[in-house]
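Colleague: I've got this one open on my screen. Could you walk me through how to read it?

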Amino acid sequence: MKYLQLAETFEELSKTTSRLEKTTILANFIKKIKEESEETIEETVLLLQGRVFPEWDSQTVGMAAKLALKAISRATGHGESEVEKVFKKHGDIGNTVEELVKRKRQQTLFSSDLTLKDVFQTLQKLASLEGMKSQDVKMSELSKLLTSAKPIEAKFIIRTVLEDLRVGIAGGTMRDAITYAFFTDTVIYDKENNAIIHEGQFSKEEIQQLMEKVKRAFDLTADYAKVITHLQKGKSLDEFKLTAGSPCKVMLARKERTFTDAFARTGFPARLEYKYDGFRMQIHKKGKEIKLFTRRLEDVTKQFPDVEKAILKHVTVDECIIDGEAVGYDPKTGKYQPFQHISKRIRRKYDIEALAKELPVEVNIFDVLYDGNKVIIDEELPHRLLALEKIIPKDIPRSIVKAKGILVEKEEDAQSFYEESLAAGNEGVMIKDMKGLYEPGGRVSAWIKMKPIMDELDLVITEAEWGNGKRSAWMTSFTLAVQDEDGNILEIGKVGTGLKEIAEDEETVTFARLTELLKPLIIGEDGKNVRVQPEIILMIAYEEIQKSPTYSSGFALRFPRVLNIRNDKSIDDIATMDDIYDLYEGQ
Ligand code: AMP
């Protein structure tokens, strides 16, 4: 497949804000890739999401805007100052390269035929280049690619490199588009009525049901490419199965403010569990092979050899998929430590064994998805807990244990367990519906979280500002954003207070540390202000949510303060507009 086809699809997508029109454009593009090989489908689906690696792979192209501008200069033959000038005019690198390549083309009349594979492979290669000279090599590889690109291709290559595609495809759009692509003969967008018109054997209602099944298939595989190749082979959507070794989306929890509200959702009896303050770990065992995934499905097996050993030693079944929370504790006192103390274990690539001794974790298992005989996500909670008793018959404190929980019959019984959980150093409690199933990817009422600090949100940094005077080496103010259901990132406030300038330890969130994290992510500059790839997620405390015309979300946070950096979470985990409406109403 030609890369041009994808670039033109991106261009079309970026020209509309209608979710239904985007769905139609994407559906027709997916119809075209249906005949391609499995490998091409994988590559195309990643590129469609603006990626060259799956979400759970922590590799990135890792190229800053400055270097990309140099590559543009070399590829188009325009001096760096000219490139800077055009960049200043557009404020966007994609449009900059498009204009400069266009100008060059008029002189040389050169046309190429970049394939999707050419682009994909070069971008993956950029990511693999590490070391002293890598920046130069990266720059020259990228400029070679741009030299053979048409203007519109260059625009989306650069945007992919900088992880800033700006075409707005949300997860739901992808799901709907796949459904239309496979289950209709034709699909068109009716602009006048903002509606989708489709023809084929399935009715509107049947298409809706198929969309739910496509969603389920995605939640079980966490990979749209797998869903597409499955359908391409003519297999039924009901055939999707969880298998030990490949991750599925984790089940998520809703937030409630009071026990009354929580129990109104779950009913009685309900299960109360400690809400541990660590990070999610989805554990797969297949004989001697163990795989550990974070909540964003990043494979962290290598970083946790201690957990791997504990599973091999204490889990009684040959195969299983279990779900839990890894919590750090102080090796001297045995006391639990808050998340930020162990967050560095997720990223650490060297001295892993030593770090495991210094910052040990205990895994608290609370659910079973596959018990070795059967996938049991569609069984109610008591059945899954029984399976857990068999899988981990004996708790091994400070290594691997079953999450502590009790059954409550009435609201009055909840308070003392809640206080006990907090006193033990946990974040709060989880309230679980006994009739609840395990719903991968679902944020449903079967799980409710309750914590005393209700007023905190996970938000992504979209912009930052360099400081003044003695703080001019650091970024000192950070713009924060939420996400709406279409995947648009909307700003909700700025934070700068609550941060130290520098600190000795690796945990404290400082201006220096945030600056270091954000610098490689810069994609645009305007005076002291920089725009960054939306990757760094902060946990923010605040006093109140107010309506505000200042930010694109229509809301602002009063007195926001940084609690910590959530490197275990991805953009999909940040607060949504729905959360904001709920919190605003509930104030
Ligand atoms: P939050 O991160 O605030 O959305 O809270 C939900 C998270 O709490 C889950 O994703 C888990 O990582 C974590 N958690 C801690 N203890 C439990 C538990 N007993 N059951 C389920 N999730 C838990």
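Colleague: How far is an oxygen atom of the ligand from an N or O atom in the side chain of Arg295?

Modeller: Look for a polar contact, a pair of N or O atoms within 3.5 Å. Here the Arg295 side chain sits 3.1 Å from a ligand oxygen. Lys569 also has a side-chain N or O atom 3.1 Å from an oxygen of the ligand, and for Arg280 the distance is 2.8 Å. The protein buries 94% of the 490 Å² that the ligand exposes when taken alone (Shrake-Rupley areas, 1.4 Å probe). One caution: this is a predicted model, where local features need pLDDT of at least 70, side-chain atom pairs count only at 80 or more, and totals for chains, interfaces and linings use all residues. Side-chain values use heavy atoms, without hydrogens or water, and numbering runs from 1 along each chain as its sequence is written.

Colleague: Which strands each supply at least two residues of the shell around the ligand?

Modeller: Strands are DSSP runs of E, at least two residues, numbered from the N terminus. Here they are β4 (270-275), β11 (428-433) and β12 (443-450), with β4 giving the largest share, 3 residues.

Colleague: How do the shell residues divide into nonpolar, polar and charged?

Modeller: Asp, Glu, Lys and Arg count as charged, and Ala, Val, Leu, Ile, Met, Phe, Trp, Tyr, Cys and Pro as nonpolar, with the others polar. This shell has 9 charged, 5 nonpolar and no polar residues. Of the 14 around the ligand, Glu273, Arg280, Glu325, Lys432 and Lys449 come nearest (a heavy atom within 4 Å counts as near).

Notes:
A polar contact is a pair of N or O atoms within 3.5 Å; within protein, one must be able to donate a hydrogen and the other to accept it, and residues adjacent in sequence count only if both atoms are side-chain atoms. Helices (H or I, at least four residues) and strands (E, at least two) are DSSP runs, numbered from the N terminus.
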